[in-house]
Amino acid sequence: MGNGAKAAQKRERNTDKNASKGSKSQMKTNEAAKSIVCTICKQAFFVTTRQPALEQHSQDRHSKVLAECFPDFKA
Ligand SMILES: [Zn+2]
């Protein structure tokens, strides 16, 4: 006994119920979080962007200082 019984076993697992889980609301949050805007190229940065990153953008993109690209940024 027992021979050939395994052939009848088929895996039927449907786990697609967790596929769609709130990615739409995340986009709205990201848009709202972008409040630092470069005055020269209008590129938006997250409010959580660190000062060094903004300085690097100013220098690499425009060869300017942070205050010229982000006059509203407060360190
Ligand atoms: Zn810029």
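**Exercise 1. The annotated domain.** State which residues UniProt assigns to the feature "domain: At2g23090-like zinc-binding", and describe the secondary structure of residues 38-72 in this predicted model.

*Solution.*
1. The UniProt record, an unreviewed entry, places the feature "domain: At2g23090-like zinc-binding" at residues 38-72.
2. In the predicted model, the chain over residues 38-72 is 46% helix and 9% strand.
3. The end C-alpha atoms of residues 38-72 are 10 Å apart.

**Exercise 2. The chain as a whole.** Determine what pattern the secondary structure of the protein chain follows, and how confidence is distributed along the chain.

*Solution.*
1. The protein chain contains three helices and two strands.
2. In sequence order these elements give α-β-β-α-α.
3. The average pLDDT of the protein chain is 78, and 55% of the residues score at least 70.
4. Confidence is lowest in helix 1 (residues 24-33), with a mean of 60. It is highest in helix 2, at 97.
5. As to burial, 5% of the 75 residues of the protein chain count as buried.
6. Among contacts between residues at least 6 apart in sequence, 22% join residues at least 24 apart.

**Exercise 3. The length of helix 2.** Check the distance between the end C-alpha atoms of helix 2 against the span expected at 1.5 Å a residue.

*Solution.*
1. Helix 2 covers residues 51-62, which is 12 residues.
2. The expected span is 1.5 Å times one less than the number of residues, and for helix 2 this comes to 16 Å.
3. The end C-alpha atoms of helix 2 are 16 Å apart, so the model agrees with the expected span.

**Exercise 4. The strand pairing and its loop.** Establish how strand 1 and strand 2 run relative to each other, parallel or antiparallel, and characterise Lys-42 and Gln-43 in the loop between the strands.

*Solution.*
1. Strand 1 and strand 2 run antiparallel and are joined by three bridges.
2. One of the paired residues is Val-37, whose bridge partner in strand 2 is Ala-44.
3. The hairpin has six residues between the strands. Lys-42 belongs to this loop, which links strand 1 (34-37) with strand 2 (44-46).
4. Lys-42 is not a glycine, yet its phi is positive, at about 65°.
5. A residue is exposed if 12 or fewer other C-beta atoms lie within 10 Å of its own. Lys-42 has 7 such neighbours, so it counts as exposed.
6. Gln-43 is in the loop between strand 1 and strand 2 as well. With 13 C-beta neighbours inside 10 Å, Gln-43 counts as partly exposed.
7. Gln-43 and Cys-69 are 26 residues apart in sequence, and their C-alpha atoms are 10.0 Å apart.

**Exercise 5. The loop after helix 2.** Classify Ser-63 and Val-65 as buried or exposed, and describe the backbone of Ser-63.

*Solution.*
1. Ser-63 follows helix 2 and is found in the loop between helix 2 and helix 3.
2. The phi of Ser-63 is positive, about 55°, although Ser-63 is not a glycine.
3. Ser-63 has 8 C-beta neighbours inside 10 Å and therefore counts as exposed.
4. Val-65 lies in the loop between helix 2 and helix 3 (66-69).
5. Val-65 is also exposed, because 11 other C-beta atoms lie within 10 Å.
6. Val-65 and Leu-54 are 11 residues apart in sequence, and 9.2 Å separates their C-alpha atoms.

**Exercise 6. The surroundings of Phe-73.** Identify which residues Phe-73 touches, not counting residues up to four places away in sequence, and assign its exposure class.

*Solution.*
1. Phe-73 is located in the segment after helix 3.
2. With the residues up to four places away in sequence set aside, Phe-73 touches Ile-36, Leu-54 and Leu-66.
3. The partly exposed class lies between 12 or fewer neighbours (exposed) and 20 or more (buried). Phe-73 has 18 other C-beta atoms within 10 Å, so it is partly exposed.
4. Phe-73 and Cys-38 are 35 residues apart along the chain, and their C-alpha atoms are separated by 9.7 Å.

Key
Residues numbered from 1 in each chain as written. Predicted model: local features only at pLDDT ≥ 70, side-chain atom pairs only at ≥ 80, totals over all residues. Helix = DSSP H or I, 4+ residues; strand = E, 2+ residues; numbered from the N terminus. Contact = placed C-beta atoms within 7 Å. UniProt positions renumbered as here; feature names shortened; annotations may be inferred. Pairing = 2+ DSSP bridges. pLDDT = per-residue confidence, 0-100.
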